[in-house]
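This report describes a protein chain, beginning with its aromatic rings and ending with its overall build. The sequence and the structure are shown first.

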Amino acid sequence: MNTNKFLFLILFLFFPLITSAADSINQQRTFFVDSSYDSSGREKLGATLIKISSRGYFYIETDFWNNQDAAEKDKIMSSLSTLGIELDNKIYPGLTNTYGSIWSPGIDNDEKITIFLHSIASDSAGYFRESDEYSRAVLPKSNEREMVYLNVDFINNPLLKGYLAHEFTHLINYNQKDRINDLRDDVWAVEMRSEFAPSILGYNNVYKDSYLEKRVKKFLQSPVNSLTKWKDSLSDYANVSLLAQYISDQYGQDIIISTMKSKKAGYLSIEEALAKKGINKRFEAVFSDWIIANTINDCSLGKEYCYKNPGLINFRVLPATNFLPVNSQSSLKVYDSLHDWSARWYKVVGGAQKMNFSFEGKKDIAYSVPYLLEKKDKTFVLKYLDLDSSKAGKIQVDGFDSQYLAFYFIPS
């Protein structure tokens, strides 16, 4: 007699109900922080809750708070009250209505976000830790909150609301891109959307002393940064900030906004957004137009070669200028290197009647080499250098000294 044996097992699994207990004023907590941003390289800090708004908990580094006198504490409380109103009435609704929602109630089952102000390295205004969106069972150093971090040294800075808008956009990006679309976007594209957030909220409408003006000044100090070689420097943020402003000026801010919900990453999401508006343009063409606009910023040459923002009417990159003698034959050789998605700006003044220009690049690299001839009446002629299969090209300009003031070339 054959017997079919089997095992019958019943499991009773217990899943704890996730509940949230609202934080209360003067509550003390210990938060993990990013040691690479912290001014002293610390990994965790004591925090005290000193302000609660409809949308946020405002914690401050406990040691910093305890070292302030009564008058300074009053100033801090006043600043955070203003920031709380801005979060509740403008930043949270303004950015979620355009970019999309954050994860709410999220990992902590609380609809409020947490803002922690602590001592951060002097050149950084804030940061976001994606690890906070995971449970400690997965990432032991998670704070298990929808949370952003701001530099406490900037607490009385009028740009603080712009910095909070930037970091809040990272919460939206995490939910829209990482959670909903299961997509890891390019860093420069993520930061570009965050950099554009203050413009969406109108914080850059008055250009003087604005968030955008600060970025423009930094960009002009170092305009040669690569979009994709991200070093987390202020120049990197300035680069994507200006690119976002240019794209918005040319094609509308909805191009930047729509990339948030796109299932594509990086420049592909920009091309997708352009195509939806009936604009058949590759990103490399947009990039090339942008670097030309950074050179001359002149709508008369073409609507794509300027900024529309009134604050940027006089914005131009200062090229590396070379002066050649006008009364004798002369030559100039320049050796330089380029990272992907970056450009160089050169200007040549002087020279004789006939100018010969040649360019040689690496065979396996795709280059764009627009050049400009500045006429005596200070208008420009724009052309692109034709490159052969070995990435070399040359032109000859007759009557250079009699017809033109300068020659510009902008390899990218």
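## Aromatic pairs

Across the whole structure, a search finds 29 aromatic pairs. The model is a predicted one. One of these pairs is formed by tyrosine 37 and tyrosine 127, whose rings are stacked, with 4.6 Å from centre to centre and 10° between the planes. This pair links distant parts of the chain, since its members are 90 residues apart. Tyrosine 37 lies in the loop between β1 (28–32) and β2 (44–52), whereas tyrosine 127 belongs to strand β5 (residues 126–128). Tyrosine 37 counts as buried because its relative accessibility of 14% is under the 20% limit. Tyrosine 127 is likewise buried, with a relative accessible area of 2%.

A tilted pair is formed by phenylalanine 283 and phenylalanine 287, with 6.5 Å from centre to centre and 45° between the planes. Both residues lie in helix α9 (residues 283–296); they are 4 residues apart, so about one helical turn separates them. Phenylalanine 283 has a relative accessibility of 1% and counts as buried. For phenylalanine 287 the value is 5%, and this residue also counts as buried.

## Aromatic cluster and charges over rings

Phenylalanine 283 and phenylalanine 287 are also members of one aromatic cluster. The cluster is formed by Trp188, Phe219, Tyr246, Tyr267, Phe283, Phe287, Trp290, Tyr307, Phe315 and Trp341.

Two arginine side chains are placed over aromatic rings. The charged end of arginine 55 sits over the ring of tyrosine 92, at 4.0 Å from the ring centre. In the case of arginine 179, the charged end sits over the ring of tryptophan 103, at 4.1 Å from the ring centre.

## Helix α5 and its neighbours

Which residues of helix α5 (residues 211–221) are buried? They are Tyr211, Leu212, Glu213, Arg215, Val216 and Phe219. Phe219 thus appears among the buried residues of α5 and is also a member of the aromatic cluster. The buried residues of α5 pack against four helices, namely α3 (160–180), α4 (187–200), α6 and α9.

## Serine 248 in helix α6

Helix α6 (residues 234–251) contains serine 248. Is serine 248 buried or exposed? Serine 248 is buried, because its relative accessible area of 14% falls under the 20% limit.

Apart from residues up to four places away in sequence, serine 248 touches Phe196 and Gln253. Serine 248 and serine 199 are 49 residues apart in sequence, and their C-alpha atoms are 9.7 Å apart in space.

## Overall architecture

The protein has 10 helices and 13 strands. Its C-alpha trace spans about 95 × 90 × 40 Å along the principal axes. Of the 412 residues, 50% count as buried. Among contacts with a separation of 6 or more, 69% are between residues 24 or more positions apart.

The accessible surface of the protein comes to about 20900 Å², and carbon and sulfur atoms account for 51% of this area. The protein carries 48 positive and 50 negative charges, and the mean positions of the two sets are 3 Å apart.

Terms used
Residues are numbered from 1 along each chain as its sequence is written. This is a predicted model: local features need pLDDT of at least 70, side-chain atom pairs count only at pLDDT 80 or more; totals for chains, interfaces and linings use all residues. Side-chain values use heavy atoms; hydrogens and water are left out. Helices (H or I, at least four residues) and strands (E, at least two) are DSSP runs, numbered from the N terminus. Buried means under 20% relative accessible area, exposed over 50%, partly exposed in between (1.4 Å probe, protein chains only). Contact means heavy atoms within 4.5 Å. Accessible areas come from the Shrake-Rupley method with a 1.4 Å probe; for residues, only the protein chains shown count as cover. Lys and Arg count as positive and Asp and Glu as negative; His and the chain ends are not counted. The place of a charge is taken as NZ of Lys, CZ of Arg, CG of Asp or CD of Glu. Rings of Phe, Tyr and Trp (its six-membered ring) pair if their centres lie within 6.5 Å; planes under 30 degrees apart count as stacked, over 60 as edge-to-face and the rest as tilted. A charge sits over a ring if NZ of Lys or CZ of Arg is within 6 Å of the ring centre and within 35 degrees of the ring normal.
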